[in-house]
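Work through the exercises below with the model open. Try each task before you read its solution.

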Amino acid sequence: SETTVAARYSLRRALFNLGPTGFPFEDFLSRLFTFEGYKTRTRIILQGHCAEHELDVAAYKDDHSFVAEAKFHSQPGMKSDLQVVLYSFARLHDLRDTKICFEDICGIKELMVVTNTKFTSAAEKYAMCSGLKLLSWDFPKENNLHDRIQRSGLYPVTVLQTLSTSQKRILIDKGIIVCTDLIERPHMLRYVHISPKRMEMVLDE
């Protein structure tokens, strides 16, 4: 239906609007993985065999763990290309078996590159051949970023129409990343200086 298409479009735009830096997108992914049952850590520094690496998100649960690199673009036309994937593969190689937590499952064996846009076909082909995991708006065909967001019901706060861009920015800076954060902590709306009636409209939306 038209509304579904509009909702998909506004969700996609909302991801772009998490910028200009990539940090809110990393935090959003962390929330998504938490919803999926993982414990997560963001922006951790690990020593690999040959170099030190800053990892955007580390995620682990009883039977699975992985690290994720977030490639955030603020323009829809920007794709993550082969070079990005090659670089990530080299990091996976250097970090192999480095621990992200103390449980047995926590030695790094899997790295996922996540982008809010798309990968080039060369990047997708390389990842499928090398065992690197990719996640984008529409890749893989099943269980892509769009599917996972829909399933979780976690929508970026930037999807809200009742707040201005600068008001959303204030909330993001205060750690309000997804809409459910506002339901749980409505008092955070005080920081954006809006009338009680307007607050009600935001919470309704």
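**Exercise 1. Backbone oddities**

In which loop is the place of D97? Find it, then look at the backbone there and at two proline bonds.

Solution.
Step 1. D97 sits in the loop between α3 (82-95) and β5. Helices (H or I, at least four residues) and strands (E, at least two) are DSSP runs, numbered from the N terminus. This is a predicted model: local features need pLDDT of at least 70, side-chain atom pairs count only at pLDDT 80 or more, and totals for chains, interfaces and linings use all residues. Residues are numbered from 1 along each chain as its sequence is written, and side-chain values use heavy atoms, with hydrogens and water left out.

Step 2. Check phi. For D97 it is near 70 degrees, a positive value in a residue other than glycine. D97 counts as partly exposed because its relative accessible area is 45%. The cut-offs: buried is under 20% relative accessible area, exposed is over 50%, and partly exposed is in between (1.4 Å probe, protein chains only).

Step 3. Go to N143, in the loop between β7 and α5. Its phi is positive, near 65 degrees. N143 has 32% relative accessibility, so it counts as partly exposed.

Step 4. Now the prolines. The bond from G19 to P20 is cis, with omega near 5 degrees. P20 lies in the loop between α1 and α2. A cis peptide bond also joins F139 and P140, with omega about -5 degrees. P140 is in the loop between β7 and α5.

**Exercise 2. Strand partners**

Which strands pair with β5, and in which sense? Trace the pairing from β2 onward.

Solution.
Step 1. Start at β2 and β3. They run antiparallel, joined by five bridges. Two strands pair if DSSP finds at least two bridges between them. A hairpin of two residues links β2 to β3. Y60 stands opposite S65 in β3.

Step 2. Move to β5. It pairs with β3 in the parallel sense over five bridges. E69 faces V113 of β5, and A68 has M112 as its bridge partner.

Step 3. Cross to the next strand. Three bridges join β5 to β7 (residues 133-135), again in parallel. Here M112 stands opposite K133.

Step 4. Check burial. In β3, six of eight residues are buried. In β5, five of five are.

Step 5. Check the faces of β5. L111, V113 and T115 point one way, M112 and V114 the other way, and all are buried. In a regular strand the side chains alternate between the two faces of the sheet.

**Exercise 3. The nonpolar core**

Which residues touch the most other members of the largest nonpolar core? Then ask where a charged neighbour fits in.

Solution.
Step 1. The answer is F25, F33 and L171, out of 39 residues. A nonpolar core is a set of buried Ala, Val, Leu, Ile, Met, Phe, Trp, Tyr and Cys residues joined through side-chain atoms within 4.5 Å.

Step 2. Name the contributors. Among the elements that give two or more residues are α1 (2-16), α2 (23-35), β3 (64-71) and α6 (165-173). The largest share, five residues, comes from α2.

Step 3. Look around F25. Its contacts (heavy atoms within 4.5 Å) include L15, L18, A70, F72 and V114, not counting residues up to four places away in sequence.

Step 4. Find E26, also in helix α2. E26 counts as buried because its relative accessibility is 6%. Beyond four places in sequence, it touches T42, R43, D56, V57 and A70.

**Exercise 4. The pocket**

Which residues lie closest to the centre of the largest pocket?

Solution.
Step 1. They are A14, N17, T158, T165 and K168, from a lining of 13. On a 1 Å grid over the protein atoms alone, a pocket is an open set of points where a 1.4 Å probe fits, with protein on both sides within 12 Å along at least five of seven lines; lining residues have an atom within 4 Å of a point.

Step 2. Sort the lining. It has four nonpolar, six polar and three charged residues. α6 gives the most, with four residues.

Step 3. Inspect T158, in the loop between α5 and α6. T158 is buried because its relative accessible area is 6%. Among its contacts beyond four places in sequence are A14, N17 and K168.

Technical notes
Ala, Val, Leu, Ile, Met, Phe, Trp, Tyr, Cys and Pro count as nonpolar, Asp, Glu, Lys and Arg as charged, and the others, Gly among them, as polar.
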